[in-house]
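This report walks through the strand pairing, the nonpolar core and the aromatic contacts of one chain, with the sequence and structure shown below.

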Amino acid sequence: MLKLDKKTVTEFEENWVKKLKVFFIEAWCSGTKIQMETDFDVNTDLVKLESDYTFEVYVPETDRKYLEDSSITRVVKADHTGVAKARYIFNSEAVEDRCGCGTSFGFE
């Protein structure tokens, strides 16, 4: 089961989110970053993960093996311009490399 931090879950529930898509994108230093969307169409490339949340969690079948037994924590930090932005830290035993800020990572 993919675990999300309590603050993120509360925010999604308060905003009546019905479904969440969690997936990887190519990014920065270590090559991969986690991304989330709440406005998407469910298609055959997505699988629904088991969850205890009031919303459904979908992931691409190709990313499932990395996301099923992992966790995501949201942190709010200022970027290089001084503007506070939400960032997601992905934690999994499969992660072998991580950048200095912690948001990008690599599996190999």
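## Strands 4 and 5

Leucine 49 has valine 57 of strand 5 as its bridge partner, and in this predicted model strand 4 and strand 5 pair in the antiparallel sense over four bridges. The connection between strand 4 and strand 5 is a hairpin that passes through six residues.

## The open sheet and helix 1

An open sheet with mixed pairing is built from three strands in the order 1-6-7. Its edges are strand 1 (3-4) and strand 7 (84-91), each of which pairs on one side only. Strand 6, which covers residues 71-78, runs antiparallel to strand 7 and is joined to strand 7 by eight bridges; across this pairing, arginine 74 stands opposite tyrosine 88 in strand 7. Helix 1 packs on the sheet, where it touches strand 1, strand 6 and strand 7, and the direction of helix 1 makes about 90° with that of strand 6.

As background, strands of a sheet pair through backbone hydrogen bonds, in either a parallel or an antiparallel arrangement.

## The nonpolar core

The largest nonpolar core has 23 residues, and those with the most contacts inside it are Leu4, Val22, Ile34, Met36, Phe55, Ile72 and Phe90. At least two residues of this core are supplied by each of helix 1, strand 2, strand 3, strand 4, strand 5 and strand 7, and the largest share, three residues, comes from strand 2. In soluble globular proteins, nonpolar side chains tend to be buried together.

What is phenylalanine 55 in contact with, once its neighbours within four places in sequence are left aside? The contacts of phenylalanine 55 are Leu4, Val9, Phe12, Glu13, Val17, Lys18, Lys19 and Leu20.

## Aromatic pairs and a cluster

The count of aromatic pairs comes to seven. In one of these, phenylalanine 24 and phenylalanine 105 meet edge-to-face, with 5.8 Å centre to centre and 75° between the planes. Phenylalanine 24 belongs to strand 2 and phenylalanine 105 to strand 9 (residues 104-106), so this pair ties together parts that are 81 residues apart in sequence. Both phenylalanine 24 and phenylalanine 105 are buried, and these two residues, along with Tyr66 and Phe90, form one aromatic cluster. Phe90 is also listed among the residues with the most contacts inside the largest nonpolar core.

Phenylalanine 40 and tyrosine 58 likewise form an edge-to-face pair, at 6.0 Å centre to centre and with 70° between the planes. This pair links distant parts of the chain, 18 residues apart, since phenylalanine 40 lies in the loop between strand 3 (31-37) and strand 4 (46-49), while tyrosine 58 lies in strand 5 (residues 56-60). Both phenylalanine 40 and tyrosine 58 are buried.

## Lysines over rings

Phenylalanine 40 also has a charged partner: lysine 19 lies over the face of this ring, at 4.8 Å from the ring centre. Lysine 21 is placed over the face of phenylalanine 23, at 4.9 Å from the ring centre. Lysine 19 appears as well among the residues that are in contact with phenylalanine 55.

## Tryptophan 16

Is tryptophan 16 buried or exposed? Tryptophan 16 is exposed, because its relative accessible area is 66% and the term applies over 50%. This residue lies in the loop between helix 1 (6-14) and strand 2 (19-27), and tryptophan 16 has a positive phi of about 55° although it is not a glycine. Most residues other than glycine have a negative phi.

Notes:
Residues are numbered from 1 along each chain as its sequence is written. This is a predicted model: local features need pLDDT of at least 70, side-chain atom pairs count only at pLDDT 80 or more; totals for chains, interfaces and linings use all residues. Side-chain values use heavy atoms; hydrogens and water are left out. Buried means under 20% relative accessible area, exposed over 50%, partly exposed in between (1.4 Å probe, protein chains only). Two strands pair if DSSP finds at least two bridges between them. Contact means heavy atoms within 4.5 Å. Axes are lines fitted to C-alpha atoms, for helices over the stretch in contact, and angles run from 0 to 180 degrees between N-to-C directions. Rings of Phe, Tyr and Trp (its six-membered ring) pair if their centres lie within 6.5 Å; planes under 30 degrees apart count as stacked, over 60 as edge-to-face and the rest as tilted. A charge sits over a ring if NZ of Lys or CZ of Arg is within 6 Å of the ring centre and within 35 degrees of the ring normal. A nonpolar core is a set of buried Ala, Val, Leu, Ile, Met, Phe, Trp, Tyr and Cys residues joined through side-chain atoms within 4.5 Å.
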